[in-house]
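User: I would like to learn how to read metal sites and a ligand pocket in a model. Please take me through one.

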Amino acid sequence: RAKDQGRNRYEYYTHELTRQVSERFRLERDLRRAIERDELYLVWQPQFCLATEALIGAECLIRWQHPEHGLVSPAQFIPLAEESDLILSIGDWVLCSAIKTMSPWRARAPNLKVSINLSPRQLSAAGLSQRIRSLTEQYGVSPGLIQLELTESGLMESQDVNAWLQQEAAALGLLLSIDDFGTGYSSLSRLKALPINQLKIDRSFVMDIPEDKNDMAITRSIIGLARGLELEVVAEGVETAYQAQFLREAGCDIAQGYYYSRPISAAEFAARYLGR
Ligand code: C2E
Ligand code: MG
Ligand code: MG
Ligand code: MG
């Protein structure tokens, strides 16, 4: 009996594993076709100066409208894409769409910054800076308005990243941000050496303010660190007026989150914030 049960369980797990593996294969196959089938799009989330409430910029976030599964979250398909070269074509699609979309916004908001998430693999691949240079030239966008976001864990993982950042990104005049800051293991000496202009406090520290006193202390420390290193500091995932007030008083520069706006379409962003 026990043996039977064991076998059943084994069969169940094998079956479950097979199902998951083939599901991943299907998703990867579908993702490969997503660009040509026009299933990817960007949504935009505004960022505001905490002191003046002025609009500073917007982060673009990728979305995938799958023909059968509906909306698939980037938290699901970006890690899958990062396991292969797929992330390179998706990353390129994001860069191109973002720069193209922001181009007509310059007339209404000449200093509006656009934050674009990059995967570390994009930096190791050849030609990224050339590509960004030609896209910014083609669409008449200043590289100084493009804020590239790299996650803290991605940054600390790879040495290629370091070289690219030092030599190429800085030369082009791109802005560099460390995303999800506080969740990885930055060495503070390395942080000092990176040509970054911004730290982005991870949402996990912001979401439990004011209930979690430890998170409040960590958030204050990150803001203090950023100020000490003369970096701009952004809080993501701001959902309440209280959190915005706390961040403002703690000296945080910029905030982004559902309290201000969810990520919205480019058309809605322009209508709401750029007066057209
Ligand atoms: P991220 O760059 O840290 O983006 C912030 C995430 O928090 C976004 O999730 C955003 O929709 C969500 N968010 C913003 N404000 C709030 C809030 O007030 N409350 C809550 N609960 N959530 C909020 P999203 O769009 O699902 O993206 C997840 C992650 O996927 C991003 O985290 C980023 O790491 C990655 N990602 C998104 N777009 C791209 C892309 O174009 N390229 C790459 N490489 N990664 C991307
Ligand atoms: Mg980001
Ligand atoms: Mg983040
Ligand atoms: Mg995050």
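User: Is E236 buried or exposed?

Analyst: Before that, some conventions. This is a predicted model, in which local features need pLDDT of at least 70 and side-chain atom pairs count only at pLDDT 80 or more, while totals for chains, interfaces and linings use all residues. Residues are numbered from 1 along each chain as its sequence is written, chains are lettered from A and ligands numbered from 1 in the order in which they are written, and side-chain values use heavy atoms, with hydrogens and water left out. Buried means under 20% relative accessible area, exposed over 50%, and partly exposed in between (1.4 Å probe, protein chains only). E236 has a relative accessible area of 11%, so E236 is buried.

User: Which residues are the protein donors of the magnesium ion (ligand 3)?

Analyst: Donors are N, O and S atoms within 2.8 Å of the metal (3.2 Å for Na, K and Ca); water is not among the atoms, so sites may look incomplete. Here the protein donors are D179 (OD), D180 (OD) and E236, which is listed with OE twice, at 2.1 to 2.5 Å from the ion. Their sequence spacing is D-D-x55-E. D180 sits in strand β6 and E236 in the loop between β8 (232-235) and α11 (241-250), so this pair links parts of the chain 56 residues apart. Strands (E, at least two residues) and helices (H or I, at least four) are DSSP runs, numbered from the N terminus. D180 is partly exposed, at 24% relative accessibility.

User: Which residue bridges the magnesium ion (ligand 3) and the magnesium ion (ligand 2)?

Analyst: D179 does, and the two ions lie 4.0 Å apart. For the magnesium ion (ligand 2), the protein donors are E59 (OE), N117 (OD1), E149 (OE) and D179 (OD), at 2.0 to 2.2 Å. N117 belongs to strand β4 (residues 113-117) and D179 to strand β6 (residues 175-181), so the pair ties together parts 62 residues apart in sequence. D179 is buried at 6% relative accessibility, and N117 is partly exposed at 29%.

User: What polar contacts does ligand 1 have with I62, N117 and S119?

Analyst: A polar contact is a pair of N or O atoms within 3.5 Å; within protein, one must be able to donate a hydrogen and the other to accept it, and residues adjacent in sequence count only if both atoms are side-chain atoms. One nitrogen-atom contact of ligand 1 is with a polar backbone atom of I62, at 3.1 Å. An oxygen atom of ligand 1 is 3.0 Å from a side-chain N or O atom of N117, and a nitrogen atom is 3.1 Å from one of S119.
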